[in-house]
Amino acid sequence: MSHSSGPDSLIKMANQIGSFFDSFTDRELARSEVAKHLSRFWDPRMRRAIMAYDTEHKDHNALMPIVREALSTMPAPPPNN
Amino acid sequence: MSLPRPTDYGTPAKESDKYVTLEIDGVEVTVPAGTSIMRAAQMIEHPIPKLCATDSIDAFGSCRLCLVEIEGRRGYPASCTTPADNGLKVKTQTPKLAEIRKGVMELYISDHPLDCLTCPANGNCELQDMTGVVGLRDVRYGMNGANHFTEGTDLFMEKDTSNPYFTYDPSKCIVCNRCVRACEETQGTFALTIDGRGFDSRVSPSQMEAFMGSECVSCGACVQACPTSTLIENGIIEHGQAEQRTTTTCAYCGVGCSFDVESKGEQIVRLMPNKDGGANHGHSCIKGRFAWSYATHPDRIKTPKIRKSIDDPWQEVSWDEAIQYAASEFKRVQAKYGRDSIGGLVSSRCTNEEGYVVQKLVRAAFGNNNVDTCARVCHSPTGYGLKQTLGESAGTQTFDSVMKSDVIFVIGCNPTDGHPVFGSLMKKRIRQGAKLIVVDPRAIDLVKSTHIKADVHIPLRPGTNVAVVTAMAHVIMTEGLHKEQFIQERCDIDSYNMWKEFVSREENSPEALAAEIGVDPQLIREAARLYATAGNGAIYYGLGVTEHSQGSTAVIGIANLAMATGNVGREGVGVNPLRGQNNVQGSCDMGSFPHELPGYRHVSDTTARSQFEAAWNVQLNPEPGLRIPNMFEAALDGSFMGLYCEGEDIVQSDPNTQHVEAALRAMECVVVQDIFLNETAKFAHVLLPGATFLEKSGTFTNAERRISPVRRVMAPIAGYEDWEVTQMLANALGYPMNYTHASEIMDEIASLTPTFTGVSFEKLDKLGSVQWPCNDQAPEGTPTMHIDTFVRGKGRFMNTLYVPTDEKVNARFPLILTTGRILSQYNVGAQSRRTPNSEFHSEDVLEIHPTDAEARGIKDGDWVGITSRAGETVLRAVVAERMQAGVVYTTFHHPFSGANVITTDNSDWATNCPEYKVTAVEVTKVSQPSEWQQRYREFSRKQEDFLANAVAKV
């Protein structure tokens, strides 16, 4: 899913999630909470889209560092049927 | 033969640890101390004659009919005002008492028209009954003296028929004051009084105004309390006394009032709030008691319809053809775009059983998890926030718990409009002396109304709830107002330490956040101190908390406050989400979210999923599905092309209407099941008739987790209850469902959901209602949660960093629009607009502060254009002092108002709950409807023509 409005709304949503957990002083906990949240609440096509964006924009990336760190720990989502 | 009245004990029940024993007519009776002699006598079925007493209001002692004799005491005390006491010997019937009572009745009847045979109260009149009981045979004074019933005389007053639901006939009034006291004590509005003195006295709405022009809110408590036909439902005047009574549950707000539907055959005569109702105890609001005529409105959809395109007229078809067509279209879409390309929505207005069956249809027959409910757009942050912190996605208390609260903290809810029956209970407690904190941008009625005044009102800038609750936590922790022992025993200490360090930072102090919040920091300090130290502290919140980009953060912040102050796990305290619709709690419980199976178990939970797979004989997808806003995005993206929508009106209720319209237009198969051609149905390809709550069996679960029965009063107008339609669709898709009654669905829910294992229709018949968890550990339910331990084990604190919304005001959009509800209408208004409630609120208006209005040359009643980044609409302006400068407000009850044309796609970070409460706008004076309104009216007219001209398929 490329997402109708481009990746912008997914980036915004991911960064909102990142902002909540970013205030956790335990960085490892924050990272795992972001990954857990994305895995538990985002349909695989949304996860694929945000991961694709992150991969394709290694240098100029609008995602918060905590989100990028979380994405790097997440397995590739299964394909939608 | 009219229905027997429920037993009236004359005075309210009293609670006491002490009991007293007395003798009444030679019969010994033991009652709680404080109980009246009248009530004690009724308990042994020795009823004492009465007129001014009824057990919903305090004793008044004015009618002098309930006099008794007490051995050793002089005179004839009124049994309603005399408390029972140890050793009393009471006689309720003696020759002297009979003589006095007959004399009293003689005086009453001398000023009462003798038209019993044609009186609407005939067969259900307490005055008539008492006349019979005392054996009055003649009136010595005659009927020709000064009176209130002879037309043309000084005292005669015309009937007041201004209210669409009841009539006031002053000639029938016996000035018992029951209506006045019901308005005060039960409803808390104080709209009625007794005007005049002595024989001139008469009931007066406000200052002798017509009911419709008075402060009356049409709750009907006065009508219910009236012992004669002075105040009587128009349903009784029109249809006569009812012959059947069916107890069911209201289909409006999340209070979930229990009602007795009084009917004859399939003709409903009136709805009476059930005295034994656990949520409402015999009270109601205008919607529940009166606004049910939509059920037989001519707009009801009575036959299934199909069409290829939304630009085609509808074709009327048989149920079988409509179901087969819908199933074949869903199969076609899945064959073309994939199994995950379709999904379903079930309204939080539907029953638990309907919600359960829809999510089962999606998971088992569609083969994916693309199921959601309109709780998404109201209380999904509650589900997330409370699950994370306390461990259960639900409120912690009963409504009655508020009567043991010492301080009530209301944030982002307006109970007197949104949850009126609970609002009345809350006001009763406040009048008894509980302290009150209100956090709301508007000066809602609770801030100041008759005998109610908030101790602290924080008129925050919309979007800053998280700053307020975080700053309150700062005060509580830095001033040492927290309950350390409770925290140490009950909460997760690692999370507590992290949170404590976080909230104690200077950047989270009221002073640091005051500029963002827009209030004096001292107000926040006062609120925090009051909440933490005044005794039992209870938090009540609503959509003003959840419908923000930080909705979940605010819910978490609220839970943090309750845990830090030890205000969880007993009566009088707790975290209380006031749910929007009747079954928001239930729809969430039933697994209507794309990530959760019934009972809040994640789809990735192998153990839970295996149970459902075994019971349903199907393999389930372990990945979460699409939420409603995600469905719209996916539709526009071309990967979500079919939708089954039961009872929900996403076009009117979801934000950014034009975005929703575009998403629906992009879909190839939209199946809408509804009682009316709602706005979403105008974009549908298949229209399946739905059934109202009066036409089906099932259960609703209210905001206090109370599961209450919905009972069928009349046959479904189109032949089927809604779960039956879903079942037919499942079968047509090749997935077998074979329920024969809603009770069998509940039995399946109970067999698969640990918190419901003790729930059955049989138990609900026995207990009336039950609060979950209801299982072997709590066979009669759980009124208060988290008593000894939190459901998640240890309560978890979480940091609540305030992050300002992206929806910012600027020179182009300098005002903040916030949206809400009004008492007489309900959500999208599909039901309430099709009742006389529209006489109370015929259009949505824009409330604007006088300063903002003046700066724009806007006067009360002007048409104004409201423009946001998402769109524009036009409404009539109401200049209102209760608004704060810089903030405007509207409701979304009417489809052409277009309130959601201007709301944006911003949403809560955790749940995608839309940010309805903050939209940056500009308001200007205009002379014509917006472009969207003109376009939508044209589209809507065309769709209504398609419906009106639907032809039977040949």
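# Close-up views

**View 1. A salt bridge joins the side chains of B:Glu721 and B:Arg712.** With a relative accessibility of 5%, B:Glu721 counts as buried (under 20% relative accessible area; exposed is over 50%, partly exposed is in between; 1.4 Å probe, protein chains only). The model is predicted: local features need pLDDT of at least 70 and side-chain atom pairs count only at pLDDT 80 or more, while totals for chains, interfaces and linings use all residues. Residues are numbered from 1 along each chain as its sequence is written, chains are lettered from A and ligands numbered from 1 in the order in which they are written, and side-chain values use heavy atoms, leaving out hydrogens and water. B:Arg712, the partner, is partly exposed at 41%. N and O sit 2.8 Å apart in this pair (a salt bridge is a side-chain nitrogen of Lys or Arg within 4 Å of a carboxyl oxygen of Asp or Glu). Over all chains, the structure holds 52 salt bridges.

**View 2. B:Glu354 and B:Lys696 pair up across 342 residues of chain B.** Their closest N and O atoms are 3.1 Å apart, making a salt bridge. B:Glu354 belongs to helix α9 (residues 352-366), whereas B:Lys696 comes from the loop between β27 (686-689) and β28 (698-701) (helices are DSSP H or I runs of at least four residues, strands are E runs of at least two, numbered from the N terminus). Both B:Glu354 and B:Lys696 are buried.

**View 3. In chain A, a salt bridge ties A:Arg68 to A:Asp54.** The N to O distance here is 2.6 Å. The two residues are 14 apart, with A:Arg68 in helix α4 (residues 65-73) and A:Asp54 in helix α3. A:Arg68 is partly exposed at 26%, but A:Asp54, at 12%, is buried. Chain A also has a salt-bridge network, made of A:Asp22, A:Arg27, A:Glu28, A:Arg31 and A:Glu69.

**View 4. Chain A meets chain B through 31 residues of its own and 38 of its partner's.** Here contact means heavy atoms within 4.5 Å. About 2900 Å² is buried between the chains, 52% of it from carbon and sulfur atoms (accessible area, 1.4 Å probe, that two parts lose on being put together, summed over both). Of what chain A buries against chain B, A:Phe20, A:Phe41 and A:Asn81 supply 24%, more than any other three residues. The rule finds three salt bridges across this interface; B:Arg796 and A:Glu33 meet in a salt bridge at 2.7 Å, N to O. There are also nine residue pairs in polar contact, both members at pLDDT 80 or more (N or O atoms within 3.5 Å; within protein, one must be able to donate a hydrogen and the other to accept it, and residues adjacent in sequence count only if both atoms are side-chain atoms). On the chain A side, α1 (8-22), α2 (27-41) and α3 (44-56) are the elements giving two or more residues. The largest share, eight residues, comes from α1(A).

**View 5. Helix α19 of chain B covers residues 551-564.** It reaches 20 Å from first C-alpha to last, close to the 20 Å expected for its 14 residues at 1.5 Å a residue (1.5 Å times one less than the number of residues). Since 14 of its 14 residues are buried, α19(B) is largely enclosed by the rest of the structure. B:Gly566 follows the helix, with a positive phi near 70°.

**View 6. B:Gln673 sits in strand β26 (residues 669-674) of chain B.** At 1% relative accessibility, B:Gln673 is buried. Its side chain makes a 2.5 Å polar contact with that of B:Tyr644. Beyond its neighbours within four places in sequence, B:Gln673 touches residues including B:Leu688, B:Pro689 and B:Asp722.

**View 7. Some backbone details of chain B.** B:Trp772 and B:Pro773 are joined by a cis peptide bond, with omega about 0°, and B:Pro773 is in the loop between β30 (770-771) and β31 (815-820). B:Asp25, not a glycine, has a positive phi near 50°; its place is the loop between β1 (19-24) and β2 (27-32). B:Glu45 also has a positive phi, about 60°, and is exposed at 65%.
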